[in-house]
Amino acid sequence: MREVHGMALSIDRDHGPDDAALIQAVPVDPAAFAALYARYRDRVYWYLRTRTASTDDAADLLQQVFLQALDRIDQYKPKQGPFVAWLFGIARHAASNHNRRRRPTVPWDLVPEVLRPISDDDPESQALHNESLARLSDVFASLDADKRELLVLRYIVDLSFAEIGLTVGKSEAAARQQMSRLLRSLKEQHREDL
Amino acid sequence: MKISKDRCPEKGDSDIDLEVIVNDLDHMGQLCRSAIVPPQHEARVVRALRERAAERSWQDTSRWLPRHLFARHRPLALAAAVVVSLVAIVGGAYATVSTLSRVSKMSGADNILTQNLGTHVNRSHTMAGYTVTVKRVYVDSNRVLIAYTIHPPATRKRQWNLAADNLKVTTASGVALPNRGYVNASEIGQPDATLQWFDAASVTGDPKELHLRLTVPWIDGMEHLPAPPTSQPSATGGPHGLPTSGLYGSIATDPANRPNGVQDPYMHDFRVFGPLSFDITVPFEGGREVDVHQQVRAGGTTLTLERVVISPTETRAYVSGFNSKQSHSVEGNLSGDGWTDEDIDGGSTGVWYSNGMTVFSYLGSFMNKHGAWTLTVKSTFTANETPNPVSGGPWTFHFTVP
């Protein structure tokens, strides 16, 4: 049986080739996709973790997303936007389909229990930390899914407004404006809570 | 990973309450970014990606089957071909599975072997030492399937991905059937096997059998070079450098030698010229056609699901209403009570545009799916006047399959 050369994962994501070079190399060198996987795995996983009820589900979707990305890599056209936006478009669809199939509703827990650190921090830091999370929990409970996703894509996944726009099907200006309004709304709610 | 410093769209805002919120969000972000993919899941994902990468061989990007895309400059039905070169994936479990079985499974047509559908042909022709054997042919309402193997001559060189790249199928009335795709399996010790399929939608009248002529203009393959190439390897493989005509039995090689990893550090493409022909008569398996004619409007666009054609190896949904002059990608998800199109083992989907219709294709058998079906269509398109892609739909069609 013919052996397959393995996928190298020890890629320096910050200093390696850019996405376009890797994508172009994928057809002749599958290891190039390994580099893309290593580069975006964590961010996609963080996003999926906020959209699923368990790490198992998030990991299942992670596999699904990257398999789909690998299958469709030839369909990605740089002129339509950065690769990360294209990839997160796949992730969004996968998460939405997953939730539709598996459960009628899946709560958005932006900081799932498993991610809350068991910390050795001093009590004061821990208290501040808990207070911060409590504030956010109250706030997020009142937001619809689109607004929560906007916050996830910006503050967890760290997409730019242009990338967010392409991911969710809006213009950069619209994404930026929506975030601005959302933050003002959160600010007002915070004032009322005081 | 570097984190962007731009956290507030309204830069310069010194509002304390806003700062608190943004700091909380930053804190939440840092917390979430401390999570890692659990090691047992990471190993599984990497293995799955490795297997998928191993299954695919990109010799020519034009051979990829675009799952959801058709472009403005290709308004006609795409001559899409998927070359899936099956090389060793995991150990002994695959050793006893023939390459022919594998290509059947990969093209959603496993049932032609398990249910013994189609016609056993087992007819061979040899040119320049390469023996092409047509093993089985099958025809239903949606596609014509041709399964064949290629045995190379006994040489010291290792050759693989042997396939009749430009196989043509014509009916007795001279109609050339469009090529819709193929899968190829290559394994040491077995002849290379290919399952190629052609569009049978033009076959009308529900005949008992079809008379087909298969023409093999040439055989393409890849060959291991024992010595380093004399020319510089092409970084991206480049376009095929093989001629499209040659004397019968002659062999041309592509001068663009390419590195191919550890196992075959140097290799090149080659082409063996025919032509070879096979005349074959095969029973027509037919299928079921459901006339739907349902209109759904969304986002200012009305689509009509005209009909659904269900055959033992493929299901197609014909939708009218998309503007072929717009460049966009479309996606159609098929589902029913307790199943989706993703459940089919070995299945895959495709989409193309033909004669005013957008055709959604689902390889695999849905013959036993009766009752309520749902087709959900989505699109992303870039209209001429807008720079950014716009999501369209979804258009959801509900219909009953008796």
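This passage looks at one helix in a predicted model, along with an aspartate that touches it and the nonpolar core around it.

Helix α2 of chain A runs from residue 31 to residue 51, so to speak a stretch of 21 residues. From first C-alpha to last, α2(A) reaches 29 Å, close to the 30 Å expected at 1.5 Å a residue. Even so, α2(A) has a kink of about 45°, and the kink is centred on A:Tyr40. There's not much of this helix on show, either: α2(A) is mostly covered, with 20 of its 21 residues buried.

A:Tyr40 turns up again in the contacts of A:Asp19, a residue of helix α1 (residues 19–25) in chain A. The side chains of A:Asp19 and A:Tyr40 make a polar contact of 2.3 Å, and another polar contact, of 2.7 Å, links the A:Asp19 side chain to that of A:Arg39. Setting aside neighbours within four places in sequence, A:Asp19 also has A:Leu36 and A:Phe83 among its contacts. A:Asp19 counts as buried because its relative accessible area is 16%, under the 20% cut-off.

Then there's the greasy side of things. The largest nonpolar core has 64 residues, and A:Val44 and A:Leu48 touch the most other members. Helix α2(A) gives the most to this core, chipping in 11 residues. Beyond its neighbours within four places in sequence, A:Val44 is in contact with A:Leu62, A:Val65, A:Phe66, A:Leu87, A:Phe88 and A:Ala91. A second core, separate from this one, has 32 residues, including B:Leu162, B:Leu212, B:Leu214 and B:Ile219.

Definitions and conventions:
Residues are numbered from 1 along each chain as its sequence is written. Chains are lettered from A and ligands numbered from 1 in the order in which they are written. This is a predicted model: local features need pLDDT of at least 70, side-chain atom pairs count only at pLDDT 80 or more; totals for chains, interfaces and linings use all residues. Side-chain values use heavy atoms; hydrogens and water are left out. Helices (H or I, at least four residues) and strands (E, at least two) are DSSP runs, numbered from the N terminus. The expected span of a helix is 1.5 Å times one less than its number of residues. The bend at a residue is the angle between axes fitted to the seven residues ending there and the seven starting there. Buried means under 20% relative accessible area, exposed over 50%, partly exposed in between (1.4 Å probe, protein chains only). A polar contact is a pair of N or O atoms within 3.5 Å; within protein, one must be able to donate a hydrogen and the other to accept it, and residues adjacent in sequence count only if both atoms are side-chain atoms. Contact means heavy atoms within 4.5 Å. A nonpolar core is a set of buried Ala, Val, Leu, Ile, Met, Phe, Trp, Tyr and Cys residues joined through side-chain atoms within 4.5 Å.
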